[in-house]
Amino acid sequence: MMDAGIMEGEGGLDGIRMTWNSWPTTKLDANKIIIPIAISISPIRSHPDIQILPYTPLRCKTCSCILNPFSRVDFSVKIWICPFCFHRNQFPPNYSTMISDSHLPAELYPQFTTVEYSFPCQIPSSPVFLFVLDSCIINEELEFVKSAIKQAITLLPDNALVGFISFGTQVQVHELGFSDLSKVYVFRGNKEFSKEEILDQLGLTSFGQRAIVPQKGSGNSIDHQLNNNNNVVSINRFLLPASDCQYAIDLVLDELQPDQWPVEPGHRALRCTGVALNVAAGLVGACLPGTGARIIALVGGPCTEGSGKIVSKELSEPIRSHKDLDKDAAPHFYKAVKFYENLSKQLVSQGHVLDLFASAVDQVGVAEMKVVVEKTGGLVVLAESFGHPVFKDSFKRIFEDGEQSLGLSFNGTFEVNCSKDIKIQGIIGPCTSLEKKGSSCADMVIGQGNTTAWKLCGLDRSTSLTVFFDISSTSERLNSLETSNSQLYLQFQTNYQNPEGQQRLRVTTVTRKWVDSTANPEELLEGFDQETAAVIMARLTSLKMEEEEGFDATRWLDRSLIRLCSRFGDYRKDDPSSFILNPSLSIFPEFMFNLRRSQFIQVFNNSPDETAYFRMLLNRENVTNAVVMIQPSLIAYSFSAPPAPALLDVASIAADRILLLDSYFSVVVFHGMTIAQWRNMGYQNEPEHKAFSLLLQAPQEEAKLIIKDRFPVPRLVVCDQHGSQARFLLAKLNPSATYNTVQDVAAGSDIIFTDDVSLQVFFEHLQRLAVQS
């Protein structure tokens, strides 16, 4: 069985979960197990047992791996042997004078497989927050977002630097440091600007650019400066410390009006989102090279002007749909994606992040902007309005500290080291390849591949990456299993700047066992993690749908599941009734059933923006959260029993029940018909019906707890049986009762109007196909 530490919580101390916790010995065997060998890792996830070590790590001189609990130590001659390359390294004097078998440094203790190094003697840098606000919105929406920004400024640390850009038909860069009057630099929205042109118009320059580190005692007046022909220009013209800018920001926001450019009848507002983001990237890149910065874009509609345009200004042209993209009938899409790809390269080279808050009933271009948000590790929130709790509460969360803090960090790099028979195929997640090629890079690439190191411009405590591995085709592992070297090793090094501006290095080293999967398939299966496998398959399928033209996702998932069950199931040939699945694999088919029906695979009735949003969150969240996206959880509340998990099935609906559905993006409180009638009659307000009042409150309280701990904040839907919003629940339930089986429905239950097959029928087909000769 798997070690307790492997499955503890969300990957225990290490924050790691693997599809297979025992690995096949050859490339051929790896291909036969169907589900890829992959891990989901949360690089800087917080854990109370992680040790902070205030000194520089000790690296192997050959492979640069860091000293870890799996290193063998010879205390007599003061050397340690690297488990990755087997090089013998001498301990330096500061180690060798102290180390003994009874006196070990923390990184050698077996329980500290994850440690974090804090580098001494460093001056913390100040984070930068540059707000980029869309002013082509109605006054009511503008007031909502102004209020949110004002609240955010009060939550920022005093030393954080703050800037402000507004845009509509044109881009306005506000000079906050000019206190005498409002001073604005204007850029035309229909013109392309190079970085040099932006700097020149702002009175800055990239020629001779240098960052001057603030000296101790400089307080909050942080004078990073640029030198151009002996003219010293302070960055404080555009970026002020949060402690000093409250008045200036309030003044700018109070004066800001909806875009005054006239909109002709039958036309959309002229909105130059792409140009505004390009100007913002130029500003933070010129002023603060190498410093953690976030561009926070608040967008209320589609880009119709200049670079990044997704639709024309004429309302007669609809915004692209999935059908348009499939038929190559979206004239602006690929040009916009190309623009944002180039912008992502600039931001990654600067180490800066783009966060996107899109609040509109219509699409705003999230599908096009996906590449720059994902490659810079930015946050994304999609809401209907700037006044909606999804936006307001999510926006507030990114600035809060304490228990609610997201732990926003900057300028990260992520490196993977592995045993010599293992190859790295790539990563799916919010990162960018650093193109550090090596002998451990696989020929077949998945996601960001052909490298052993990646850039994480922005990361937080919940950021998750999926790393795919392969076995070397020249592996001779099978012949050496009888020897003592039957373990494989992986090390993950994450270098990042924490929210306090300090540089940290998180090192996680794990080991797993090689298994001869041909001779011992049961031993291989014991290490199978069904939840992680479902999430990895969802991420891989989403990637294939985006990258491979004409890819049939449902067919590919079905074939993979049939092959897996045929490989590991217990059955007699051509006898479906004899089919039995190992408990380690028993719930995986249900995950695949729900994945086939999920918003990640079935894009019908979702816009390209919504699909991009769902997939971005799927790729960056940990396994526990991603499983809820694929297969929502359902809890039943009734008088007859305490709250308990219920089957995700339409049969769980009853007239005297309340159901609480958590599908990650929305939380639904569903009242049965009788419960809704009693509530409408006000029984909960009468003293003799106190139990009914408590029954109504229980799911609401649980929903609040779910919402409190989640980012982005999910949409709360409170609905009744047969009501219009009951669709939020019915769409997620197994259709065991449809309009074709109405005679079998229990009284007070419900039916689903669909032709989709039920889980039972799906499993019957799976059994029949898996046992075929």
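Where is phenylalanine 528 found?

**View 1. Phenylalanine 528 in a loop between two helices of the predicted model.** Phenylalanine 528 is found in the loop that runs between helix H12, residues 521–526, and helix H13, residues 530–547. With a relative accessibility of 3%, phenylalanine 528 counts as buried, because buried means under 20% relative accessible area. Asparagine 278 is 250 residues away from phenylalanine 528 along the chain, and the C-alpha atoms of these two residues are separated by 46 Å.

**View 2. Cysteine 85 and cysteine 60 in a structure with zero disulfides.** A search of the whole predicted structure finds zero disulfides. For cysteine 85, the closest cysteine sulfur is that of cysteine 60, at 3.5 Å, which is too far for a bond because a disulfide requires the two sulfur atoms to be within 2.5 Å. Cysteine 85 has a relative accessibility of 27% and therefore counts as partly exposed.

**View 3. Cysteine 136, a buried residue in no disulfide.** Cysteine 136 likewise takes part in no disulfide, and the nearest cysteine sulfur, which belongs to cysteine 272, is 7.6 Å away. The relative accessible area of cysteine 136 is 13%, so this residue is buried.

**View 4. An open sheet of three antiparallel strands.** The strands of this open sheet follow the order E5-E6-E7, and their pairing is antiparallel. Strand E5, residues 72–74, and strand E7, residues 88–90, are the edge strands, each of them pairing on one side only. From one strand to the next, the twist averages 25°. Strand E5 pairs with strand E6, residues 79–81, in the antiparallel sense over three bridges, and within this part of the sheet valine 73 stands opposite tryptophan 80 of strand E6.

**View 5. The span annotated in UniProt as "domain: Sec23/Sec24 helical".** The annotation comes from an unreviewed UniProt entry and covers residues 529–627. In the predicted model, this span is 63% helix and 9% strand, and the C-alpha atoms at the two ends of residues 529–627 lie 12 Å apart.

**View 6. The span listed in UniProt as "domain: Gelsolin-like".** For this domain the UniProt record, again an unreviewed entry, lists residues 642–729. Over residues 642–729 the chain of the model is 34% helix and 22% strand, while the end C-alpha atoms of the span are 21 Å apart.

How values were computed:
Residues are numbered from 1 along each chain as its sequence is written. This is a predicted model: local features need pLDDT of at least 70, side-chain atom pairs count only at pLDDT 80 or more; totals for chains, interfaces and linings use all residues. Side-chain values use heavy atoms; hydrogens and water are left out. Buried means under 20% relative accessible area, exposed over 50%, partly exposed in between (1.4 Å probe, protein chains only). Two strands pair if DSSP finds at least two bridges between them. Helices (H or I, at least four residues) and strands (E, at least two) are DSSP runs, numbered from the N terminus. Axes are lines fitted to C-alpha atoms, for helices over the stretch in contact, and angles run from 0 to 180 degrees between N-to-C directions. UniProt positions are given in the numbering used here, feature names are shortened, and annotations may be inferred rather than shown by experiment.
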